[in-house]
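Hello,

Here is the structure I promised to pass on to you. Please have a look at it first, and then read my notes below.

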Amino acid sequence: MQKKKHWKTWAVAMAAAALLTGCETMPSAVNSLGGAGGLTSAFNNVMGGGKGGSGLNNGIQDVIGGASAAFKDYSAEEQRALGTEFSSVLLGARPLLRNDAVQRYVNQVGWWVALQAEMPKDKDGKDIQFAWRFGVIDSDAVNAYATPGGYVFVTVGLLRKLNNEAELAGVLGHEIAHVVRGHYLSALKKGGFTQIAGGIIQARANNAAVSSAMVNAVRNIYAKGLDQSDEFDADRQGLLYAARAGYQAAGLPTVLQMYATTGTGADANYQMLLSTHPAPAERATRLQPLLAGKFASASNVTNEARYVAIRQQL
């Protein structure tokens, strides 16, 4: 019991440290990734001038109506309270990896991609400023997770399968989209967990323990997975965010093809990923028209050498 408590305390501390290192090194990360202007120039040329360009309006639409409906029930503070408990459940199963360099690197890439996402409104009509936190979970499973409020995690098992930074950016973009589009908030409502969510928020506000029923509800959400429509939406938006950040747009589709060719339900490391998501081949196929269209001439930045250097530490 004491050992478990120690691991949980250490995991929370590491999450805070990862956030701080992400904040502190973001300017240097932007520079090393090519700069805010240089990195996105290829994308802007293709999409008609960045986030607000006509190319974007004629290509991929940022449909945020569904996200707005989900966010109207929760303030930014309440979402952070939910995110804290969701992440505690995830880290209660497996801790964060003890490697500062890897954690810092994933934070740098994650923050840069998250900057490219749209800003939804909360229930009071105010822009939601997500307190983004990225972390690497020490697990051989091949998966990635997000929570309300801006926690995003990838596993060591997944990082070992990726080949370059563009692929990582695509995966992180997908998870960032789940947060920005309110997919987990919608899952709480659709699953009848609104009362449970209220209990979590109240417990966090009063610095009280969260009940086992609430913990089990969170576990159930991850075990069940999100709606397939939400996963397809996160794929489209994740590709968009990574491309806005100046990465090769094919990063996420390449990862999906990897899932399709190497992952099977018989492999324990792929079981949760494959059971909670649409077939990866179908997901990749749905993204092909985007790659052949507006993204055909987008950036080819992959930063493979830097990624491989980090992967060697795993």
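**Cavities, a pocket and a helix**

The second largest cavity has a volume of about 90 Å³. The model is predicted, so local features need pLDDT of at least 70 and side-chain atom pairs count only at pLDDT 80 or more, while totals for chains, interfaces and linings use all residues. Residues are numbered from 1 along each chain as its sequence is written, and side-chain values use heavy atoms, with hydrogens and water left out.

A word on terms: on a 1 Å grid over the protein atoms alone, a cavity is a set of points where a 1.4 Å probe fits but cannot get out, a pocket is an open set with protein on both sides within 12 Å along at least five of seven lines, and lining residues have an atom within 4 Å of a point. Points are joined across faces, edges and corners, and a volume is the space filled by probe spheres set on them. Helices (H or I, at least four residues) and strands (E, at least two) are DSSP runs, numbered from the N terminus.

Back to that second largest cavity: its lining includes Asn143, His174, Glu175, Tyr259 and Arg283. Helix α13 provides the largest share of this lining, 4 residues.

The count is 4 cavities of 30 Å³ or more. The largest has a volume of about 130 Å³. Its lining has 15 residues, and Tyr184, Tyr222, Glu231, Thr276 and His277 lie nearest its centre. Here α8 gives the most, with 3 residues. His277 is also among the residues lining the second largest cavity.

There is open space too: the second largest pocket holds about 250 Å³. It is lined by 13 residues, with Val89, Leu90, Ala93, Tyr145 and Met272 the closest to its centre. Both α5 (76-93) and α11 (212-224) supply at least two residues each to this lining.

Now to helix α6, residues 100-114. Of its 15 residues, 12 are buried (under 20% relative accessible area with a 1.4 Å probe, protein chains only), so the helix is largely enclosed by the rest of the structure. At its N-terminal end, asparagine 99 acts as a cap, with a side-chain oxygen 3.1 Å from the backbone nitrogen of alanine 101.

Within α6 sits tyrosine 105, which is buried at a relative accessible area of 5%. Which residues does tyrosine 105 touch, not counting those up to four places away in sequence? They are Glu165, Leu168, Arg306, Tyr307 and Ile310, where contact means heavy atoms within 4.5 Å. Arginine 306 is 201 residues from tyrosine 105 along the chain, yet their C-alpha atoms are separated by 9.8 Å.

Best wishes

Technical notes:
Expected span 1.5 Å × (residues − 1). Buried < 20%, exposed > 50% of the residue type's maximum accessible area, 1.4 Å probe, protein only. Polar contact = N/O pair within 3.5 Å; in protein donor to acceptor, adjacent residues only side chain to side chain.
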